[in-house]
Amino acid sequence: MRIMYCLLLVITQNYYACTSKQNIYFGAFLSNIVKDDLCFKAAIDVAVRLINEDDTILKDFKLKVKYFDNLGMSGFGMTEFFHVYQMKETLQFMLGPFTEQFAEPMRLLTDRINLPMVEDNGKTFQSQRKALVALLNHFGWKKLHMLYDIAYIHFVQNANQLKKLLKSEEDHSIDIQGFSSVPYFNVEKQIQNIKKHDGRIIFIDMDRWTAPTIFCDIYLQNMSYPRHIFISGNIHDLENNWHEMTDDNTRRCTSQQILKAAEGFLFLKRSDFQINGGPRRAKKTRGEIWELIKRYKQRTWNHYINKYVKKKKFREEWDKITYNKGSGRVFDLVYRAALALDKLIKQHGAEKVLMKSYHDTEKYSMITKAIKTMEFYGVSGKQRDMDLGHDLDHVIHQYRNGSFVEVGYYTTTTNTISFHTKLFNETRPPRDGVLLQEVFLEYKWNILLTLWIGAFSGILIALSLLFLNWSYRHKRVIKMSSPKVNNLIILGCISCYLSIIFFGLDSRFTSKDNSNTMCTATISSLSIGFTLSFGGLFSKTWRVYRIFAAARTNSRIAVRDVQLYIMIVVLLSIDISILLCFITFNPFHLEGFQLSQKFYPQEDRMEIQIHQLCSCSNQTAFVATLVSFKVLLLIFGLFMAWETRHVHIPVLNDSKHIGLAVYFVAFVSTIGAICSTALSTTGYFEESYLVIGLSIFLCTTSTLLLVFLGKVSLIFDKTGRDRTHSTSSIISSSSYSYQETPTPPSKSLPTTNSTGNSSVTFAAKFSAFSSKKRKDKYEKRLRSESLLSREDTSVLL
């Protein structure tokens with residue numbers, strides 16, 4: 001009797017202890033609660049039960065849930081939501097809805113009445129996007145085509161976020177095609193566009209109702225596996241007879257044709273409920289929690305069958321029950337809210353946390369912030385800030401022979417994918433498009449060797465002349481022609497020869513890293529070499545012009561070598577400034593020009609032949625500026641050559657040679673520039689290089705020989721000293737500087753008829769006498785001023 005009394009006392013105390021707990025109410029907004037297709041109600045009931053049994057969470061409180069059913073329609077959902085105002089209890093938070101079409105209106109309403117909303121707000125798509133990118137990187141796929149339903153806002157948001165994510169990845173591209181499943185569902189045009197752009201890897205955001213129509217159009221477009229790989233994200237209940245006809249639009253294809261089109265289809269399914277590992281809840285493991293949810297779902301399902309399904313044949317059809325592991329996320333949402341409330345109550349007390357009306361904005365803000373920022377480990381993985389989403393792993397399934405087979409797993413924490421079965425029958429994974437193989441065209445060796453041998457021969461000739469110029473620099477023939485300036489002319493010619501070699505350095509000799517340097521060296525060597533050679537040549541002519549122009553005016557002038565160097569430096573400074581300006585702000589680089597394509601269908605490969613040329617974005621301005629400067633330099637040289645054309649001193653004046661060189665360079669360069677420009681971006685690129693190389697070689701060699709060949713002949717000509725050593729010969733030859741026009745005979749002089757030409761004879765004698773007198777006088781003045789002497793005549797130069 002005493003034992004019974006004690007048991008009764010314990011039961012009574014426990015009853016009063018349980019009933020003394022304060023109730024905390026929250027709402028759950030679901031669809032078709034009676035059937036509970038998605039196991040959401042079962043997950044919520046299990047979570048509430050375990051929280052109430054756990055002494056560490058809301059110890060002095062009892063959690064209770066109020067369900068609201070929208071029956072899958074917006075109108076019913078809004079009507080149900082207004083019942084919140086009619087309730088005596090004040091809800092602390094609202095769980096759901098879990099469909100995007102109801103989510104946005106619910107957010108507006110809950111914000112208006114200050115009711116915290118706890119929802120799966122689509123951030124779980126973030127894990128799906130990461131899994132998709134990891135899959136692309138695993139197989140080396142760079143091009144992705146996406147097909148999504150624009151009728152659902154969460155599909156649109158997911159497409160935009162995926163596009164943004166792939167742009168941040170290196171060398172990835174995405175093409176997006178949207179379709180609308182309402183009011184008229186037609187996806188044929190979008191699939192045709194994907195096929196037109198050779199889309200091989202296609203990600204489809206769809207639901208199970210649109211999947212049959214999409215795969216029907218895929219079948220009609222003959223986009224079959226393994227050439228085309230189709231991937232989709234988490235679609236509820238896709239495993240169960242998804243290919244069956246749902247409307248008249250899909251009757252264009254049979255079920256077998258739809259299944260054939262779906263062969264090889266990859267399905268990224270969220271691992272919402274992780275059975276193994278993780279912390280316990282109310283002393284229960286994750287496996288035990290999953291069994292509880294299945295038991296609750298079975299109870300709800302049996303009640304629905306017994307109450308609403310009367311006919312036997314329908315009972316047999318509904319007898320197969322399905323379980324959705326996505327309910328694990330709903331289970332975690334209930335725990336998130338409960339843990340957040342428990343944390344706030346322990347910090348501030350229940351009176352300052354729990355809402356008693358929907359007008360308390362301070363408590364509303366406090367609860368909302370606490371729920372959003374709550375972090376813990378749930379049955380579906382690590383739960384973070386709701387704005388950041390959940391870390392959800394994904395199981396990779398592949399559709400094979402009419403059923404989905406698990407082939408791999410994506411781990412969020414390590415961002416890796418592992419496959420435990422062979423995904424493709426081929427030795428290599430399917431490509432994301434036609435393999436574009438770039439083939440950089442190279443010059444033939446016979447052309448390279450021909451031009452390079454010519455360039456090296458020209459360099460040897462120039463070095464030989466440089467040796468002679470240096471060895472005989474004290475000899476009067478070389479000394480009068482300014483040997484130091486001659487050295488600069490020869491160095492300029494060597495630089496031009498080197499540009500021929502630089503022009504021929506193709507992809508065999510250069511890499512991507514040093515291509516810009518090679519382009520700069522090619523342009524700079526030709527430009528600086530031209531300025532050095534012709535600048536030095538024209539400076540010497542300018543000195544001859546100044547001396548003999550001064551001689552005509554009987555003035556004294558001496559032009560030293562330093563002045564010529566200053567002139568050459570100024571010309572080089574202008575040239576280098578133009579080059580540095582473009583190299584700094586608009587550097588040269590190798591630009592590829594596509595010449596031809598060749599497709600190999602058996603290898604699914606496209607060979608693209610590319611020819612590389614040095615270029616820059618403002619190439620027209622650069623070429624115009626540089627050519628204008630060179631043209632002005634040639635015009636200046638022509639002017640100097642014309643003004644000194646009457647100075648007939650071979651060792652001093654090169655006017656005739658300069659004229660020939662300028663005419664030849666202008667002609668050959670014009671023809672060469674036109675031909676090379678027309679041929680460089682065509683299949684005749686080798687001919688273009690041949691024209692450029694020959695033009696540079698001919699112009700440089702002709703200039704070198706015209707200027708120095710005469711001097712070399714004077715060095716080894718024993719009679720040549722008479723033309724350089726005799727002062728009288730210099731003066732008599734330079735009649736332009738001091739010789740005047742003979743005075744015509746006077747009309748008053750008598751003429752002799754007997755001879756018939758006595759007046760002419762007299763005039764000729766008088767003119768010869770006057771000319772000899774003027775020559776002697778001019779020679780005497782020059783010697784007195786030390787401008788001319790038999791010992792040193794280099795001052796004239």
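**Group meeting: a buried aspartate, a mixed sheet and a few odd backbones**

Okay, let's start with aspartate 575. If you skip its neighbours within four places in sequence, aspartate 575 is in contact with Ser527, Ile528, Thr531, Leu626, Phe629 and Lys630. Before I go on, keep in mind that this is a predicted model.

So where does aspartate 575 sit? You'll find it in helix α18, residues 561-585. And is aspartate 575 buried or exposed? Buried: its relative accessible area is 0%, and anything under 20% gets that label. Two of the contact partners I just named also make polar contacts with it. The side chains of aspartate 575 and threonine 531 are joined by one of 2.8 Å. With the side chain of lysine 630, aspartate 575 has another, this time at 2.9 Å.

Right, next up is the sheet. We've got eight strands in an open sheet, and the order runs β6-β5-β7-β8-β9-β12-β13-β14, with mixed pairing. At the edges sit β6, residues 173-179, and β14, each of them pairing on one side only. On average, neighbouring strands of this sheet are turned by 25° against each other, if you ignore direction. There's also a helix packing on the sheet: α5, residues 125-139. Helix α5 touches β5 (143-149), β7, β8, β9, β12, β13 and β14, and its direction makes about 65° with that of β14.

Let me zoom in on β9, residues 266-270, since you can see both kinds of pairing there. With β8, strand β9 pairs in the parallel sense over two bridges. One residue pair to look at is isoleucine 231, whose bridge partner in β9 is leucine 266. On to β12, residues 394-400: here β9 pairs in the antiparallel sense over five bridges. Arginine 270 has histidine 394 as its bridge partner in β12, and leucine 268 stands opposite isoleucine 396, also in β12. How many of the five residues of β9 are buried? Four, so to speak the strand is mostly covered.

Now a quick geometry check for the helix people: α12, residues 327-348. Take 1.5 Å a residue, and the 22 residues of α12 should span 32 Å; the end C-alpha atoms are 32 Å apart, so the two agree. As for its surroundings, 18 of those 22 residues are buried, which means α12 is largely enclosed by the rest of the structure. Just after α12 comes glycine 349, with a positive phi of about 95°.

That brings me to the backbone oddities, which I'd have up on screen if you're going through the torsions. Which peptide bond is cis? The one from tyrosine 225 to proline 226, with omega near 10°. Proline 226 is in the loop between α8 (211-220) and β8 (229-232).

Then there are a couple of positive phi values at residues that aren't glycine. Aspartate 198 has a phi of about 55°, and its place is the loop between α7 (188-196) and β7 (201-205). Asparagine 415 also comes out positive, at about 55°. You'll find asparagine 415 in the loop between β13 (403-411) and β14 (416-419). With a relative accessible area of 46%, asparagine 415 is partly exposed.

That's my tour, so over to you for questions.

Terms used:
Residues numbered from 1 in each chain as written. Predicted model: local features only at pLDDT ≥ 70, side-chain atom pairs only at ≥ 80, totals over all residues. Heavy atoms only, no water. Buried < 20%, exposed > 50% of the residue type's maximum accessible area, 1.4 Å probe, protein only. Polar contact = N/O pair within 3.5 Å; in protein donor to acceptor, adjacent residues only side chain to side chain. Contact = heavy atoms within 4.5 Å. Pairing = 2+ DSSP bridges. Axes fitted to C-alpha atoms, helices over the stretch in contact; angles between N-to-C directions. Expected span 1.5 Å × (residues − 1).
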